[in-house]
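Here's a quick briefing to read with the structure open beside you. Have a look at the fold first, then work through the points below.

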Amino acid sequence: MFVLGIDSSTQSTKVLAVDAETGKVVAHGKAAHPEGTEVDPWAWWHAGQTAIADVLPRVPGPVEAVAVAGQQHGMVAVDGAGDPVRDALLWNDTRSAQQAEALTDHHGAATLAHRTGAVPVASFTLSKVAWLAENEPRNADRVDRVLLPHDWVSWQLAGRPDRAWTDRGDASGTGYFSPTSGTWLPELLAEAMGGRQPRLPDVVGPAETGDRVSGVDGLDGARIAAGTGDNMAGALGLGIQPGDVVVSLGTSGTAFAVTEDPCFDETGTVAGFCDATGRHLPLVCTLNAAQVLGATAHLLGTDLAGLDELALQAQPGAGGLTLLPYLEGERTPNLPDAAGTLFGMRGANMTPQNLARAAVEGMLCGLADGIEALRGVGAESRRVLLIGGAAQSKAVQAIAPSLLGVDVEVPDPAEYVALGAAKQAAWAAAGTATPPEWPLHCTRHEATHPERGDEIRHTYHQARHRMYGF
Ligand SMILES: Nc1ncnc2c1ncn2[C@@H]1O[C@H](COP(=O)(O)OP(=O)(O)O)[C@@H](O)[C@H]1O
Ligand SMILES: O=C(CO)[C@@H](O)[C@H](O)COP(=O)(O)O
């Protein structure tokens with residue numbers, strides 16, 4: 001039996017065709033998304049259609065089921081005819097920072113953390129709908145339903161029936177869902193939207209089928225599973241268990257773990273999301289990960305391999321250069337209007353090698369803080385797994401263990417979010433109590449000098465304190 005896993009992430013759609021018995025990938029395809037933090041949702045559907053059409057002819061048998069994982073939080077507001085009322089605002093669009101702050105002031109951080117699992121920041125759908133109501137009331141009046149990016153793509157696969165659906169993992173990133181009861185909090189959505197009450201998708205269970213594919217050549221009739229957020233799918237693809245922490249370095253940097261019980265962090269550092277198996281997924285997210293490396297390579301007139309080479313020629317600590325890498329503003333710490341800052345420049349240390357290393361170290365410092373915050377809510381890190389595009393960086397693989405202070409496992413290169421979606425599709429088709437178990441092979445990188453990592457993090461914290469006072 002073959003299944004498709006779709007990852008509709010920030011930069012692209014990736015599609016994997018997988019043998020459901022063995023977990024072996026038999027074909028893969030990819031199509032790019034437009035740049036920017038405001039995107040026409042149709043672009044994701046067109047990228048999905050392109051990647052699916054590319055993959056299907058190479059699948060050696062019929063596809064029984066498909067699932068979509070998507071970038072979390074994005075606001076896809078659609079009208080009664082099923083068309084977006086405006087471009088979607090993505091998770092990394094910071095214009096709704098003021099609305100997030102106002103919602104937190106109004107309800108109280110502790111109340112929201114316990115009610116919704118998280119203290120909202122600009123990324124959350126709740127802040128974005130509040131921005132829409134305040135700034136574009138005519139568009140807000142036209143909203144019939146609010147979907148997330150993965151719900152939107154699943155809904156297109158089904159031919160846009162009256163019923164749309166989502167799962168508790170992605171729903172838990174909206175800011176109007178209770179991770180404890182597993183139900184929507186429509187009153188929070190209505191209040192944020194000035195009394196308007198859009199329809200919400202049904203929340204289907206981890207192994208349930210949302211609908212069947214309709215109107216896609218070669219795929220019609222296949223089951224469409226619940227789908228989920230990309231981080232939840234990454235966790236499922238890797239099959240992580242309590243004690244494992246995943247660090248994902250894509251457009252976002254995330255650190256997350258699975259727990260049996262919900263987590264609440266009144267400081268807002270850790271978001272208490274749900275996972276894709278019926279458990280919970282405390283998560284810390286930064287806005288600045290792989291693209292910090294891309295931007296630094298560009299500045300140095302090299303490519304990503306060249307950046308790796310340079311960074312590995314420098315000593316730990318980058319000769320005293322420290323980068324606060326908040327190039328796109330930042331979410332954790334919550335500094336939506338921040339820019340990047342380079343500290344410690346001296347005539348002697350201003351070398352391409354040190355700058356390259358400072359970029360890698362600065363990016364990883366945010367994730368090291370994330371792992372520590374996860375420990376603070378009870379999610380231990382006995383093993384750290386590194387995934388996402390920038391996990392393939394040789395410099396990241398070499399520097400991460402000591403900087404994070406723990407041995408790091410790098411799974412063999414694969415699209416683990418799309419693989420998690422494929423696993424969810426296989427689970428829905430099999431109807432078993434637990435998801436299928438597929439083999440995972442990792443390479444271990446040891447933390448040889450964790451004390452050097454502590455020093456680098458200390459310098460990073462000092463730089464942040466000088467700049468932002470905390
Ligand atoms: N070897 C590498 N070193 C550093 N960055 C890389 C490498 N390979 C890919 N990337 C970066 O990874 C990012 C894509 O990662 P991905 O996890 O697919 O992102 P997303 O899921 O956010 O779309 C791109 O910014 C790309 O430049
Ligand atoms: O907002 C979050 C997590 O809360 C991000 O992790 C998005 O889910 C986007 O992920 P990538 O496209 O970077 O994988």
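What follows is a short tour of the domains, the ligand shells, the sheet and a helix pair.

Keep in mind that this is a predicted model. The domain assignment splits the protein into domain 1 (2-230) and domain 2 (241-406 + 440-470). Both domains give residues to the shell around ligand 1, so ligand 1 lies between them. The shell around ligand 2 also draws at least three residues from each domain.

**Domains and how they meet**

- The C-alpha centres of domain 1 and domain 2 sit 26 Å apart.
- Across the boundary, 25 residues of domain 1 are in contact with 24 residues of domain 2.
- On the domain 1 side, helix H3 (109-116) and helix H7 (168-171) each chip in at least two residues, and H3 has the largest share of that side with 4 residues.
- By class, the side of domain 1 that touches domain 2 has 10 nonpolar, 13 polar and 2 charged residues.
- From the records, an unreviewed UniProt entry annotates residues 3-237 as "domain: Carbohydrate kinase FGGY N-terminal".
- That 3-237 stretch is 33% helix and 25% strand, and its end C-alpha atoms are 14 Å apart.

**Ligand 1**

- Ligand 1 is surrounded by 16 residues, with Ser9, Gly250, Thr251, Gly389 and Ser393 the closest.
- Helix H10 (residues 290-299) makes the largest contribution to this shell, 4 residues.
- There are no charged residues in the shell around ligand 1, which divides into 12 polar and 4 nonpolar.

**Ligand 2**

- Around ligand 2 there are 17 residues, and the closest are Thr10, Gln72, Trp91, Gly250 and Ser252.
- Gly250 turns up on both lists, being among the closest residues to ligand 1 and among the closest to ligand 2.
- Helix H9 and strand E19 each supply at least two residues of the shell around ligand 2.
- This shell breaks down into 13 polar, 3 nonpolar and 1 charged.

**The seven-stranded sheet**

- An open sheet is built from 7 strands in the order E18-E19-E17-E16-E22-E23-E24, with mixed pairing.
- Strand E18 (271-274) and strand E24 (442-445) are the edges: each has a single partner strand, so one side of each is left without a neighbour in the sheet.
- From one strand to the next, the twist averages 30°.
- Strand E22 (residues 383-387) and strand E23 (residues 408-411) run parallel and are joined by 2 bridges.
- Within that pair, Leu385 stands opposite Glu409 in E23.
- Helix H9 (residues 230-238) packs on the sheet, where it touches strand E16 (244-249), strand E17 (253-257), strand E19 (280-286), E22 and E23.
- The direction of H9 makes about 125° with that of E16.
- H9 and E19 are worth a second look here, since each also supplies at least two residues of the shell around ligand 2.

**A helix pair**

- At what angle do helix H11 (residues 304-313) and helix H13 (residues 394-404) pack? The angle is about 35°, and their axes are 8 Å apart.
- H11 brings Leu307, Asp308, Ala311 and Leu312 to the contact, while H13 brings Lys394, Ala395 and Ala398.
- Sorted by class, the contact of H11 with H13 has 5 nonpolar and 2 charged residues, and no polar ones.

Methods:
Residues numbered from 1 in each chain as written. Chains lettered and ligands numbered in written order. Predicted model: local features only at pLDDT ≥ 70, side-chain atom pairs only at ≥ 80, totals over all residues. Pairing = 2+ DSSP bridges. Axes fitted to C-alpha atoms, helices over the stretch in contact; angles between N-to-C directions. Contact = placed C-beta atoms within 7 Å. Domains from an automatic or database assignment. Nonpolar A, V, L, I, M, F, W, Y, C, P; charged D, E, K, R; others polar. Near = placed C-beta within 6 Å. UniProt positions renumbered as here; feature names shortened; annotations may be inferred.
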